[in-house]
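Me: Please take a close look at the charged side-chain contacts in this model. Then work outwards from there to the neighbouring topics, in whatever order suits.

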Amino acid sequence: KEYTFTNDGNVDGSSSTIELPNQNLTDVYFGFNYYLIPGADRGHDMIRQNDDWAAYYGNLPLEGDTLRGLFYLFDGNADDNYYVGDDTGDPDKNTGEFLSPQYPAFGILHADKAFDDPTDDRNQPATVDILPHARMKSHQRGNSDADMYGDLSSGKQSRGTIEHKEQGGNPYDPDVITPVGLLSFGPYDIPFGESITIVLYEAVGSISKKLAIQEGQKWKNGELIFEGKTGDEAKNALIATGKDSLFKYASRAEYAWNLELKNLPSPPPAPDLTLTSGPGKIDLEWESVADVKDWQTKEEDFFGYKIYRAQDSWTNLYSLIWEIKGDTTHYTDRHVERGRKYYYAVTTVDDGTKNTTGIFPGQMLESSPYYNRNAFNGVTPFQAGMNTLDSIYVVPNPFHVQGLAYGGNIRNEWDGLNIPRMEDKIAFVGLPPKAVIRIFTMSGNLVATIPHPNPLNPNSVAESADEEFFQISDYYQIIKSGVYIFHVEGWDLNGNPLGTASGNFIIIR
């Protein structure tokens, strides 16, 4: 993120007028606020408490240490009112998976010494202030320009809320909760027409997804051993190694910057991906990128593609299922099960022969698996809709709740804000191409009406024989244990009625 601030005399934002021509600016500060949440989409949602620690690395110079400056956060231990026990890393209550092992950060690469001296000023930022979000000043909160200028020019050099942690404090104390980092650069004198450049970057370090799942399960079972430690000490020590990854990526960002971002080898771009579900298969099609040159080195070094797949949830592990040398642009996955959701990513790999200027010369490079994966909306192989109503049934039946395998929370009422829990899914199979499913209690009360295909469910497949139900009533309540009756009214592809059918299923919670 390269910022260039120019004294152009423009006050109102209109490029056609200059309100303050030839006016020099003195003692100017440029401030950046950062608010980061490790594991926000899963871990924090489960605990629903901000319990993070913040730190700034860079204002305590160490001999031989070249790291420029880094503001980062990491998960702390929640209040016992939210989670009984040590929840550092936000372990999933059912599986033990560490949901918040990340160390997200903003780093500094460069700050001009002056408008006429573009060399890097290692004494910047002039101010590092890390304080609770509620105490950040803004115009919206009624603070004046002088108030905010005072913060920018304070000259504080905070190490972060980590100082509070070292003194035995809690991350949810009012003095540190929800930490925001303020990095301020200045003071600069900027004559009319001159500029100041400041360069920042983003980075995230973490243990791998595989470790978060596998070691989290060991921790839950009391089997985790790491660096001679056991239990929570082992868990926290393992998660803390994510900081090593963060510092590694930070040093690589600085390496790239010192090369002036030139001649850095990069993999071919990830292709646009199309997924099509079919009977007992899922077809993958993507565009060819074999002729795309490395955008930095301008060399052609394409090698092939790799396909990764996850099952049931996009938050589960992705496994390599296929790789090919050459420019094939399609693949059919027949190792699939009817009714399960699948998630894919296609990456592109170069041959490494032209990668001579990177950190690892000659190493093959691979595009990101996050570019084209079908996150959130899984693809489900299906069976074509039936022309009779003789084989409709519910799976699994009986249904027994399997717990929180996907990071969900037990809720008695559906709040409408979260995606349905995968562990609550049952399916009606053997349906005709078009149908309406009605579910009743044994006393005859209507619980839910489900059209097939269902326009409210992005995973509902037209003309298939299957339809999902996440046990949420028409009144947005999770249905309780009991015996339920289903009634199906069906039509063929042309809209001709096929009659009705009924049956029952059992829910055990």
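Reply: The model is predicted. Salt bridges come first: the structure holds 21 of them. Three can be followed in detail.

Start with Lys-1 and Glu-202. Their side chains meet in a salt bridge, at 3.1 Å from N to O. This pair links distant parts of the chain, 201 residues apart. Lys-1 sits in the segment before β1 (2-6), and Glu-202 belongs to strand β9 (residues 195-205). How accessible is Lys-1? Its relative accessible area is 47%, so Lys-1 is partly exposed.

Next come Asp-151 and Lys-137. Here the N to O distance of the salt bridge is 3.3 Å. The two residues are 14 residues apart, and this pair too links distant parts of the chain. Asp-151 is in helix α2 (residues 145-152). Lys-137 is in the loop between β7 (127-132) and α2. Is the acid buried or exposed? Asp-151 counts as buried, because its relative accessibility is 18% and the cut-off for buried is under 20%. Lys-137 has a relative accessible area of 31%, which means that Lys-137 is partly exposed.

The third pair is Asp-312 and Arg-340. Their side chains form a salt bridge at 2.5 Å, N to O. Asp-312 lies in the loop between β14 (302-311) and β15 (319-325), and Arg-340 lies in the loop between β16 and β17 (342-350). The pair therefore ties together parts that are 28 residues apart in sequence. Asp-312 has 15% relative accessibility, so Asp-312 counts as buried. Arg-340, at 23%, counts as partly exposed. There is also a third member: salt bridges with shared partners join Asp-312, Glu-337 and Arg-340 into one network.

Now β16 itself. This strand belongs to an open sheet of 3 strands, in the order β12-β13-β16. The pairing is antiparallel. Which strands form the edges? They are β12 (273-278) and β16 (330-333), each of which pairs on one side only. From one strand to the next, the twist averages 15°.

Within this sheet, β12 and β13 (residues 281-286) run antiparallel and are joined by 6 bridges. Two of the partners can be named. Leu-273 has Trp-286 as its bridge partner in β13. Ser-277 has Ile-282. The two strands form a hairpin with 2 residues between them. Gly-280, in the turn, has a positive phi of about 70°.

Positive phi also turns up in residues other than glycine. Asp-27 has phi near 55°. Asp-27 is in strand β2 (residues 25-34). With 41% relative accessibility, Asp-27 counts as partly exposed. Glu-463 is not a glycine either, yet has a positive phi of about 70°. Glu-463 is placed in the loop between β22 and β23 (467-469). Its relative accessibility is 47%, so Glu-463 counts as partly exposed.

Two peptide bonds are worth checking as well. The bond from Gly-186 to Pro-187 is cis, with omega near -5°. Pro-187 is in strand β8 (residues 179-190). The bond from Asn-397 to Pro-398 is also cis, with omega near 5°. Pro-398 is in the loop between β18 (393-395) and β19 (399-400).

Next, the rings. The whole structure has 21 aromatic pairs. Tyr-484 and Phe-505 make a stacked pair, at 5.7 Å centre to centre with 20° between the planes. Tyr-484 is in strand β24 and Phe-505 in strand β25, so this pair ties together parts that are 21 residues apart in sequence. Both residues are buried. Elsewhere, Tyr-3, Phe-5, Phe-30, Phe-32, Phe-185 and Tyr-188 form one aromatic cluster.

Strands β24 and β25 come up again at the surface. Met-442, Val-483, Ile-485, Ile-506 and Ile-508 make a nonpolar surface patch of about 380 Å². The elements that give two or more residues to this patch are β24 (482-491) and β25 (497-508). Met-442 comes from the loop between β21 (434-441) and β22 (446-452). Its relative accessibility is 54%, so Met-442 counts as exposed. β24 and β25 thus carry buried Tyr-484 and Phe-505, and they also supply residues to the nonpolar patch.

Key
Residues are numbered from 1 along each chain as its sequence is written. This is a predicted model: local features need pLDDT of at least 70, side-chain atom pairs count only at pLDDT 80 or more; totals for chains, interfaces and linings use all residues. Side-chain values use heavy atoms; hydrogens and water are left out. Patches are made of residues with over 30% relative accessible area and no salt bridge: like charges are joined within 9 Å, nonpolar side chains (Val, Leu, Ile, Met, Phe, Trp, Tyr) within 5 Å. Accessible areas come from the Shrake-Rupley method with a 1.4 Å probe; for residues, only the protein chains shown count as cover. A salt bridge is a side-chain nitrogen of Lys or Arg within 4 Å of a carboxyl oxygen of Asp or Glu. Helices (H or I, at least four residues) and strands (E, at least two) are DSSP runs, numbered from the N terminus. Buried means under 20% relative accessible area, exposed over 50%, partly exposed in between (1.4 Å probe, protein chains only). Two strands pair if DSSP finds at least two bridges between them. Axes are lines fitted to C-alpha atoms, for helices over the stretch in contact, and angles run from 0 to 180 degrees between N-to-C directions. Rings of Phe, Tyr and Trp (its six-membered ring) pair if their centres lie within 6.5 Å; planes under 30 degrees apart count as stacked, over 60 as edge-to-face and the rest as tilted.
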